[in-house]
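Here's a walk through one protein model, piece by piece. Keep the picture open beside you and look up each part as we get to it.

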Amino acid sequence: MRVKQISVFLENKVGRLSEVTRILGEEGINIRALSIADTTEFGILRMIVDKPDSAYKVLKDKGFATSMTDVLAVEVEDKPGGLAKVLEVLKEAGINVEYVYAFVTPSGKNALVVIRVEKMEEGEKVLTNAGVRLLPPEEVYAL
């Protein structure tokens with residue numbers, strides 16, 4: 001089960017991140033998780049939002065370089081070594097992890113980890129077969 005992630009290319013300038021979040025807020029789009037990878041010149045904002053198709057459209061319409069990517073939303077025990085177990089499954093299958101970001105779910109029992117792997121279909125199968133719970137998109141968007 002894949003979740004849609006919105007990625008936005010941002011110049012490393014004052015107010016660019018604020019502008020994105022303001023636009024999404026005005027459109028009633030809620031950010032569920034985010035990560036920013038940056039350099040001195042630019043950053044890539046990666047987000048899980050409750051309305052990915054709407055977010056993609058509004059940001060594109062406002063002139064932002066935006067893309068939509070499939071990622072895996074994995075439930076991980078919120079305890080030491082929880083993430084390591086999931087990553088070990090991928091390592092053993094020879095699946096490279098491109099990036100990861102996470103947040104704790106409201107229950108406080110588990111963490112939600114967003115993972116992008118090179119071989120998405122294979123990653124889904126390997127994790128599912130190992131008993132790792134992949135959250136369906138509607139559940140992630142509703143968090």
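## A bridge inside one helix

Let's begin with a charged pair. Lys125 and Glu121 form a salt bridge, with the closest N and O atoms 3.4 Å apart. Both residues sit in helix H4, four residues apart, which is about one turn of the helix. Lys125 is partly exposed, at 49% relative accessibility.

One thing to keep in mind as you look around: this is a predicted model. There are 15 salt bridges in the structure, and a few more of them come up below.

## How far can you trust it?

The protein chain has a mean pLDDT of 93, and 97% of its residues reach 70 or more. Where is confidence lowest, and where is it highest? The low end is strand S5 (residues 97-104), with a mean of 88, and the high end is helix H2 (residues 52-61), at 98. As a rule of thumb, where pLDDT is low, the predicted coordinates should not be read in detail.

## Arg2 and its two partners

Now find Arg2, close to the start of the numbering. Arg2 makes a salt bridge with Asp70, and their closest N and O atoms are 3.8 Å apart. Why does this pair tie together parts that are 68 residues apart in sequence? Because Arg2 belongs to strand S1 (residues 2-11), while Asp70 belongs to strand S4 (residues 65-77). Arg2 is partly exposed, with a relative accessible area of 30%, and Asp70 is partly exposed too, at 31%.

Arg2 also meets Glu124 in a salt bridge, at 2.8 Å from N to O. Here the link runs between distant parts of the chain, from Arg2 in strand S1 to Glu124 in helix H4 (residues 120-129), 122 residues apart. Is Glu124 buried or exposed? Glu124 is buried, with a relative accessible area of 15%, which puts it under the 20% cut-off.

Back to the bridge we began with for a moment: Lys125 pairs with Glu121. As for the others, salt bridges with shared partners join Arg2, Asp70 and Glu124 into one network.

## Helices with a buried side

Stay with helix H4. Its buried residues include Met120, Gly123, Glu124 and Leu127. These four are on the same side of H4, because they cover an arc of only 100° around the axis. What covers the buried residues of H4? The cover includes S1, S4, H3 and strand S6 (110-117). After H4 comes Gly131, which has a positive phi, near 85°.

Helix H3 (residues 82-92) gives you another case, with Gly82, Val86 and Leu90 buried. They span an arc of only 75° around the axis, so they lie on the same side of H3. Turn to the face pointing away from that buried side and you'll meet the exposed residues Lys85, Lys91 and Glu92. Just after H3, Gly94 takes a positive phi of about 70°.

## Two nonpolar cores

Next, look inside. The largest nonpolar core has 14 residues, and those with the most contacts inside it are Ile6, Val8, Val20, Leu24, Met47, Leu59 and Phe64. Which elements give two or more residues to this core? They are S1, helix H1 (16-26), strand S3 (42-49) and H2.

Val20 is a handy residue to click on. Setting aside neighbours within four places in sequence, Val20 is in contact with Val8, Leu10, Leu45, Met47, Leu59 and Phe64. Apart from this core lies another one, of 13 residues, among them Val74, Val113, Val117 and Val132.

## Two stops along strand S4

Strand S4 is where you'll find Thr69. Thr69 counts as buried because its relative accessible area is 18%, under the 20% cut-off. Leaving out residues up to four places away in sequence, Thr69 touches Val3, Lys4, Gln5, Ser7, Tyr99 and Arg116.

Glu77 is in strand S4 as well. Glu77 is partly exposed, at 40% relative accessibility. Its contacts, apart from neighbours within four places in sequence, are Gly82, Lys85, Lys109 and Asn110. How many residues along the chain separate Glu77 from Leu112? They are 35 residues apart, and their C-alpha atoms are separated by 8.8 Å.

Conventions:
Residues numbered from 1 in each chain as written. Predicted model: local features only at pLDDT ≥ 70, side-chain atom pairs only at ≥ 80, totals over all residues. Heavy atoms only, no water. Salt bridge = Lys/Arg side-chain N within 4 Å of Asp/Glu carboxyl O. Buried < 20%, exposed > 50% of the residue type's maximum accessible area, 1.4 Å probe, protein only. Arc of directions from axis to C-beta. Contact = heavy atoms within 4.5 Å. pLDDT = per-residue confidence, 0-100. Core = buried A, V, L, I, M, F, W, Y, C linked by side-chain atoms within 4.5 Å.
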